[in-house]
Amino acid sequence: MTAPPVDSVLETVGRTPLVSVHAAPDPVPVYAKLESFNPGASVKDRIGRYMLERMLERGALSPGGTVIEPTAGNTGIGIAVAAGQLDLEAVFVVPERFSVEKQQLMAALGAEVINTPTSEGMGGAIERAHELADELDNAVVPQQFANPLNTEAHYETTAPEVYGALDGEVGAVVAGCGTAGTLMGLARYARERHPETYIGAVEPEGSLYATTKGEDGEEGEYKTEGIGTHDPATNELFEPELVDEVLQVSDRDSHAELKRLAREEGHLVASSAGAASVAALRTAERIASGELDVPHDSVVTVFPDSSERYLSKGIYRSFEEWDG
Ligand code: PMP
(Lines give C-alpha, C1' and ligand atoms only; values in the text may rest on other atoms or scores of the structure.)
Protein backbone atom coordinates (compact mmCIF):
# COMPACT_ATOMS: atom_id res chain seq x y z
CA MET A 1 0.00 0.00 0.00
CA THR A 2 1.31 3.44 -0.88
CA ALA A 3 0.97 6.00 1.91
CA PRO A 4 -0.55 9.38 1.00
CA PRO A 5 1.69 12.47 1.24
CA VAL A 6 2.03 14.16 4.62
CA ASP A 7 2.52 17.80 5.48
CA SER A 8 5.69 17.62 7.60
CA VAL A 9 8.46 15.22 8.62
CA LEU A 10 6.99 15.31 12.11
CA GLU A 11 4.12 13.21 10.84
CA THR A 12 6.58 10.52 9.78
CA VAL A 13 7.80 9.90 13.33
CA GLY A 14 6.95 6.37 14.48
CA ARG A 15 5.25 3.54 12.59
CA THR A 16 8.71 2.02 12.14
CA PRO A 17 9.11 -1.52 10.78
CA LEU A 18 9.23 -4.57 13.03
CA VAL A 19 11.62 -7.12 11.55
CA SER A 20 12.49 -10.71 12.53
CA VAL A 21 16.00 -11.36 13.80
CA HIS A 22 17.03 -14.46 11.87
CA ALA A 23 19.42 -15.78 14.49
CA ALA A 24 16.48 -16.48 16.84
CA PRO A 25 16.12 -20.09 18.01
CA ASP A 26 13.24 -22.16 16.71
CA PRO A 27 10.36 -21.82 17.71
CA VAL A 28 10.79 -18.48 19.50
CA PRO A 29 10.87 -15.51 17.11
CA VAL A 30 12.69 -12.31 18.03
CA TYR A 31 11.37 -9.06 16.51
CA ALA A 32 13.30 -5.80 16.40
CA LYS A 33 11.71 -2.37 16.01
CA LEU A 34 13.94 -0.49 13.56
CA GLU A 35 14.02 3.04 14.92
CA SER A 36 16.50 4.38 12.37
CA PHE A 37 13.49 4.67 10.04
CA ASN A 38 12.46 7.85 11.90
CA PRO A 39 13.23 11.19 10.16
CA GLY A 40 16.07 12.02 12.58
CA ALA A 41 17.13 8.37 12.32
CA SER A 42 16.65 7.32 15.94
CA VAL A 43 14.13 6.28 18.59
CA LYS A 44 14.49 9.73 20.14
CA ASP A 45 12.41 11.40 17.42
CA ARG A 46 9.44 9.95 19.25
CA ILE A 47 10.12 11.83 22.48
CA GLY A 48 11.23 14.98 20.64
CA ARG A 49 7.85 15.29 18.97
CA TYR A 50 5.79 14.00 21.89
CA MET A 51 7.38 16.10 24.66
CA LEU A 52 7.31 19.38 22.70
CA GLU A 53 3.74 18.94 21.44
CA ARG A 54 2.46 18.14 24.95
CA MET A 55 4.40 21.03 26.54
CA LEU A 56 2.97 23.46 23.96
CA GLU A 57 -0.57 22.10 24.52
CA ARG A 58 -0.23 22.42 28.28
CA GLY A 59 1.22 25.94 28.14
CA ALA A 60 4.58 24.97 29.70
CA LEU A 61 6.10 26.50 26.56
CA SER A 62 4.75 28.93 23.98
CA PRO A 63 5.64 29.40 20.29
CA GLY A 64 8.93 31.27 19.86
CA GLY A 65 10.25 29.74 23.09
CA THR A 66 13.52 27.90 23.67
CA VAL A 67 14.05 24.23 24.46
CA ILE A 68 17.33 23.48 26.26
CA GLU A 69 18.33 19.86 26.77
CA PRO A 70 21.42 18.15 28.14
CA THR A 71 21.86 15.29 25.70
CA ALA A 72 24.35 12.82 24.30
CA GLY A 73 22.98 13.38 20.85
CA ASN A 74 20.03 11.38 19.58
CA THR A 75 17.59 13.22 21.80
CA GLY A 76 19.05 16.49 20.54
CA ILE A 77 18.42 15.48 16.96
CA GLY A 78 14.88 14.36 17.81
CA ILE A 79 14.13 17.59 19.65
CA ALA A 80 15.78 19.68 16.90
CA VAL A 81 13.60 18.09 14.21
CA ALA A 82 10.46 18.83 16.25
CA ALA A 83 11.54 22.31 17.43
CA GLY A 84 12.25 23.39 13.85
CA GLN A 85 8.71 22.48 12.79
CA LEU A 86 6.98 23.88 15.88
CA ASP A 87 8.43 27.40 15.86
CA LEU A 88 10.80 26.79 18.79
CA GLU A 89 14.54 27.44 19.30
CA ALA A 90 16.71 24.54 20.44
CA VAL A 91 19.93 24.59 22.49
CA PHE A 92 21.82 21.42 23.43
CA VAL A 93 24.41 20.92 26.12
CA VAL A 94 26.59 17.95 25.17
CA PRO A 95 29.55 16.43 27.06
CA GLU A 96 32.54 16.44 24.70
CA ARG A 97 33.09 12.68 24.44
CA PHE A 98 29.92 12.05 22.42
CA SER A 99 29.95 11.47 18.66
CA VAL A 100 30.68 14.48 16.47
CA GLU A 101 28.23 13.33 13.78
CA LYS A 102 25.33 13.81 16.16
CA GLN A 103 26.45 17.30 17.10
CA GLN A 104 26.82 18.26 13.42
CA LEU A 105 23.29 17.06 12.70
CA MET A 106 21.83 19.07 15.59
CA ALA A 107 23.53 22.19 14.24
CA ALA A 108 22.34 21.44 10.69
CA LEU A 109 18.78 21.36 12.00
CA GLY A 110 19.26 24.91 13.26
CA ALA A 111 20.09 24.20 16.90
CA GLU A 112 22.87 25.67 19.02
CA VAL A 113 25.31 23.16 20.54
CA ILE A 114 27.28 23.91 23.71
CA ASN A 115 29.96 21.46 24.90
CA THR A 116 30.79 20.74 28.54
CA PRO A 117 33.94 18.92 29.72
CA THR A 118 33.83 15.14 29.52
CA SER A 119 35.13 15.00 33.11
CA GLU A 120 31.92 16.65 34.39
CA GLY A 121 29.81 13.92 32.76
CA MET A 122 26.08 14.22 32.15
CA GLY A 123 25.73 15.90 35.57
CA GLY A 124 27.74 18.89 34.35
CA ALA A 125 25.61 19.15 31.21
CA ILE A 126 22.37 19.03 33.20
CA GLU A 127 23.57 21.79 35.54
CA ARG A 128 24.60 24.03 32.64
CA ALA A 129 21.25 23.50 30.88
CA HIS A 130 19.35 24.69 33.96
CA GLU A 131 21.61 27.72 34.34
CA LEU A 132 20.90 28.70 30.73
CA ALA A 133 17.15 28.23 31.16
CA ASP A 134 17.16 30.49 34.23
CA GLU A 135 18.72 33.26 32.12
CA LEU A 136 15.94 33.17 29.48
CA ASP A 137 12.20 33.84 29.39
CA ASN A 138 9.96 31.20 27.82
CA ALA A 139 12.61 28.48 28.08
CA VAL A 140 12.20 24.90 29.28
CA VAL A 141 14.50 21.98 29.99
CA PRO A 142 12.43 18.90 29.07
CA GLN A 143 14.95 16.75 30.99
CA GLN A 144 14.40 13.40 29.34
CA PHE A 145 15.91 11.60 32.36
CA ALA A 146 13.13 12.79 34.66
CA ASN A 147 10.22 13.66 32.36
CA PRO A 148 7.26 11.25 32.50
CA LEU A 149 6.38 12.39 28.94
CA ASN A 150 9.41 10.36 27.80
CA THR A 151 7.90 7.09 29.06
CA GLU A 152 4.45 8.20 27.93
CA ALA A 153 5.68 8.73 24.35
CA HIS A 154 6.60 5.04 24.15
CA TYR A 155 3.45 3.91 25.95
CA GLU A 156 1.36 5.88 23.45
CA THR A 157 3.29 5.13 20.24
CA THR A 158 5.99 2.41 20.32
CA ALA A 159 3.99 -0.07 22.39
CA PRO A 160 0.69 0.04 20.45
CA GLU A 161 2.63 -0.26 17.19
CA VAL A 162 4.36 -3.43 18.44
CA TYR A 163 1.21 -4.97 19.87
CA GLY A 164 -0.77 -4.10 16.74
CA ALA A 165 1.84 -5.69 14.48
CA LEU A 166 1.91 -8.93 16.53
CA ASP A 167 -1.81 -9.14 17.38
CA GLY A 168 -0.84 -8.79 21.03
CA GLU A 169 1.26 -11.97 21.02
CA VAL A 170 4.25 -10.63 22.93
CA GLY A 171 5.92 -12.90 25.48
CA ALA A 172 8.96 -10.84 26.43
CA VAL A 173 10.18 -7.29 25.96
CA VAL A 174 13.95 -6.87 26.13
CA ALA A 175 15.38 -3.41 25.49
CA GLY A 176 18.31 -1.19 26.38
CA CYS A 177 18.00 1.40 29.12
CA GLY A 178 19.56 4.84 28.89
CA THR A 179 16.86 7.07 30.34
CA ALA A 180 14.77 3.86 30.37
CA GLY A 181 11.84 5.68 28.73
CA THR A 182 11.66 3.20 25.86
CA LEU A 183 11.58 0.11 28.07
CA MET A 184 9.29 1.59 30.74
CA GLY A 185 6.70 2.70 28.17
CA LEU A 186 6.73 -0.77 26.60
CA ALA A 187 6.74 -2.50 30.00
CA ARG A 188 3.79 -0.57 31.37
CA TYR A 189 1.75 -1.33 28.26
CA ALA A 190 2.85 -4.98 28.26
CA ARG A 191 1.98 -5.57 31.91
CA GLU A 192 -1.48 -4.05 31.41
CA ARG A 193 -2.09 -6.49 28.56
CA HIS A 194 -0.54 -9.49 30.30
CA PRO A 195 0.97 -9.25 33.81
CA GLU A 196 3.25 -12.23 33.15
CA THR A 197 5.06 -10.62 30.21
CA TYR A 198 8.80 -10.92 30.84
CA ILE A 199 10.60 -7.56 30.97
CA GLY A 200 14.40 -7.49 30.55
CA ALA A 201 16.40 -4.27 30.94
CA VAL A 202 19.63 -4.30 28.94
CA GLU A 203 22.79 -2.50 30.01
CA PRO A 204 26.52 -2.83 29.30
CA GLU A 205 28.78 -4.54 31.85
CA GLY A 206 30.04 -1.79 34.15
CA SER A 207 26.66 -0.02 34.27
CA LEU A 208 24.73 0.01 37.53
CA TYR A 209 21.05 -0.59 36.76
CA ALA A 210 21.65 -4.13 38.05
CA THR A 211 22.14 -2.72 41.56
CA THR A 212 18.48 -1.59 41.58
CA LYS A 213 17.53 -5.28 41.51
CA GLY A 214 19.73 -6.09 44.50
CA GLU A 215 22.66 -7.37 42.45
CA ASP A 216 26.23 -6.39 43.25
CA GLY A 217 27.12 -4.77 39.94
CA GLU A 218 30.69 -3.66 39.56
CA GLU A 219 31.08 -0.15 38.17
CA GLY A 220 33.32 0.18 35.13
CA GLU A 221 33.79 2.01 31.86
CA TYR A 222 32.01 0.79 28.74
CA LYS A 223 32.08 1.68 25.05
CA THR A 224 28.46 0.90 24.23
CA GLU A 225 26.78 4.27 23.60
CA GLY A 226 23.29 5.35 24.63
CA ILE A 227 22.52 2.80 27.34
CA GLY A 228 23.65 2.23 30.93
CA THR A 229 24.11 4.44 33.97
CA HIS A 230 26.77 5.20 36.57
CA ASP A 231 24.19 6.63 38.95
CA PRO A 232 20.78 4.94 38.82
CA ALA A 233 19.36 7.51 41.28
CA THR A 234 19.52 10.16 38.55
CA ASN A 235 17.61 7.95 36.08
CA GLU A 236 14.26 8.76 37.62
CA LEU A 237 12.15 7.00 34.99
CA PHE A 238 13.58 3.54 35.67
CA GLU A 239 11.03 1.55 37.69
CA PRO A 240 12.72 -1.61 39.05
CA GLU A 241 9.36 -3.16 39.96
CA LEU A 242 8.44 -3.24 36.25
CA VAL A 243 11.61 -5.17 35.39
CA ASP A 244 12.13 -8.92 35.86
CA GLU A 245 15.87 -8.86 35.32
CA VAL A 246 18.67 -6.52 34.33
CA LEU A 247 20.63 -8.24 31.55
CA GLN A 248 24.25 -7.21 31.20
CA VAL A 249 26.05 -7.55 27.88
CA SER A 250 29.79 -7.03 27.45
CA ASP A 251 31.05 -4.44 24.97
CA ARG A 252 32.80 -7.25 23.15
CA ASP A 253 29.58 -9.23 22.62
CA SER A 254 27.60 -6.12 21.59
CA HIS A 255 30.27 -5.17 19.08
CA ALA A 256 30.48 -8.68 17.59
CA GLU A 257 26.69 -8.71 17.27
CA LEU A 258 26.36 -5.33 15.55
CA LYS A 259 28.88 -6.55 12.98
CA ARG A 260 27.02 -9.85 12.58
CA LEU A 261 23.71 -7.98 12.16
CA ALA A 262 25.20 -5.98 9.28
CA ARG A 263 26.90 -8.91 7.55
CA GLU A 264 24.19 -11.53 7.96
CA GLU A 265 20.95 -9.60 8.35
CA GLY A 266 21.52 -6.27 6.55
CA HIS A 267 21.06 -4.04 9.61
CA LEU A 268 23.23 -0.92 9.87
CA VAL A 269 22.76 -0.54 13.62
CA ALA A 270 24.95 0.66 16.47
CA SER A 271 26.24 -0.75 19.74
CA SER A 272 23.09 -0.35 21.81
CA ALA A 273 21.24 -2.40 19.19
CA GLY A 274 24.03 -4.98 19.33
CA ALA A 275 23.53 -5.24 23.11
CA ALA A 276 19.73 -5.42 22.73
CA SER A 277 20.02 -8.14 20.11
CA VAL A 278 22.38 -10.28 22.21
CA ALA A 279 20.09 -10.02 25.25
CA ALA A 280 16.93 -10.67 23.22
CA LEU A 281 18.46 -13.76 21.59
CA ARG A 282 19.63 -15.09 24.98
CA THR A 283 16.11 -14.55 26.33
CA ALA A 284 14.63 -16.43 23.36
CA GLU A 285 17.02 -19.34 24.09
CA ARG A 286 15.82 -19.45 27.69
CA ILE A 287 12.20 -19.48 26.53
CA ALA A 288 12.96 -22.22 23.99
CA SER A 289 14.64 -24.37 26.67
CA GLY A 290 11.71 -23.98 29.06
CA GLU A 291 13.73 -22.01 31.61
CA LEU A 292 11.51 -18.93 31.20
CA ASP A 293 7.75 -19.23 31.19
CA VAL A 294 6.06 -16.45 29.17
CA PRO A 295 2.52 -15.90 27.86
CA HIS A 296 3.58 -16.15 24.19
CA ASP A 297 6.68 -17.59 22.59
CA SER A 298 8.10 -14.34 21.23
CA VAL A 299 10.59 -11.64 22.17
CA VAL A 300 10.43 -7.99 21.13
CA THR A 301 13.42 -5.67 21.16
CA VAL A 302 14.35 -2.22 19.86
CA PHE A 303 17.25 -1.23 17.59
CA PRO A 304 17.52 2.46 18.58
CA ASP A 305 19.65 4.01 15.82
CA SER A 306 22.05 3.60 12.90
CA SER A 307 25.76 2.78 12.74
CA GLU A 308 26.33 5.59 10.22
CA ARG A 309 26.30 7.93 13.20
CA TYR A 310 29.42 6.24 14.64
CA LEU A 311 31.65 5.62 11.65
CA SER A 312 34.17 8.21 12.87
CA LYS A 313 34.54 6.12 16.03
CA GLY A 314 35.53 3.08 13.99
CA ILE A 315 32.41 1.11 14.83
CA TYR A 316 33.14 -1.47 12.08
CA ARG A 317 36.84 -1.84 12.89
CA SER A 318 38.18 -4.51 15.26
CA PHE A 319 36.98 -4.43 18.87
CA GLU A 320 40.33 -2.98 20.01
CA GLU A 321 40.24 -0.23 17.37
CA TRP A 322 36.63 0.72 18.10
CA ASP A 323 36.69 3.98 20.02
CA GLY A 324 33.44 3.80 21.96
N1 PMP B 1 20.44 3.59 22.25
C2 PMP B 1 20.83 4.80 21.84
C3 PMP B 1 21.80 4.90 20.73
C4 PMP B 1 20.35 5.94 22.51
O5 PMP B 1 20.73 7.17 22.11
C6 PMP B 1 19.45 5.77 23.58
C7 PMP B 1 18.98 6.97 24.33
N8 PMP B 1 19.91 7.38 25.34
C9 PMP B 1 19.07 4.48 23.97
C10 PMP B 1 19.58 3.41 23.26
C11 PMP B 1 18.20 4.21 25.16
O12 PMP B 1 16.88 4.70 25.09
P13 PMP B 1 16.17 5.20 26.41
O14 PMP B 1 16.76 6.52 26.78
O15 PMP B 1 14.72 5.34 26.02
O16 PMP B 1 16.37 4.21 27.49
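Begin by selecting the two domains and placing a centroid on each: the centres of domain 1 and domain 2, taken over C-alpha atoms, are separated by 25 Å. The domain assignment, which is automatic or comes from a database, gives domain 1 as 9–37 + 148–313 and domain 2 as 44–140. This is a predicted model, in which local features need pLDDT of at least 70 and side-chain atom pairs count only at pLDDT 80 or more, while totals for chains, interfaces and linings use all residues. Residues are numbered from 1 along each chain as its sequence is written.

Next, select the contact between the domains, where two residues are in contact if their C-beta atoms, placed from the backbone, lie within 7 Å. Domain 1 brings 18 residues to this contact and domain 2 brings 16 residues. On the side of domain 1 that touches domain 2, helix H5 (residues 148–165) gives the most, with seven residues; helices here are DSSP runs of H or I with at least four residues, strands are runs of E with at least two, and both are numbered from the N terminus. By class, that side of domain 1 has six nonpolar, eight polar and four charged residues, where Ala, Val, Leu, Ile, Met, Phe, Trp, Tyr, Cys and Pro count as nonpolar, Asp, Glu, Lys and Arg as charged, and the others, Gly among them, as polar.

Now turn to the open sheet of four strands, whose order is E5-E4-E3-E6 with parallel pairing; two strands pair if DSSP finds at least two bridges between them. Its edge strands, each pairing on one side only, are strand E5 (112–116) and strand E6 (139–140). Strand E3 (residues 66–70) and strand E4 (residues 89–95) run parallel and are joined by five bridges, and one place to look is proline 70, whose bridge partner in E4 is valine 93.

Then select the ligand and its shell of 16 residues, of which Gly178, Thr179, Thr182, Gly226 and Ser272 come nearest; a residue is near if its C-beta atom, placed from the backbone, lies within 6 Å. The shell around the ligand has six nonpolar, eight polar and two charged residues.

Finally, zoom out to the whole chain, whose secondary structure comes to eight helices and 10 strands. The radius of gyration, taken over C-alpha atoms, is 19 Å, close to the 20 Å that the globule rule (2.2 Å times the number of residues to the power 0.38) gives for 324 residues, so the chain is as compact as a globular protein of that length. Along the principal axes, the C-alpha atoms fill a box of roughly 60 × 45 × 35 Å.
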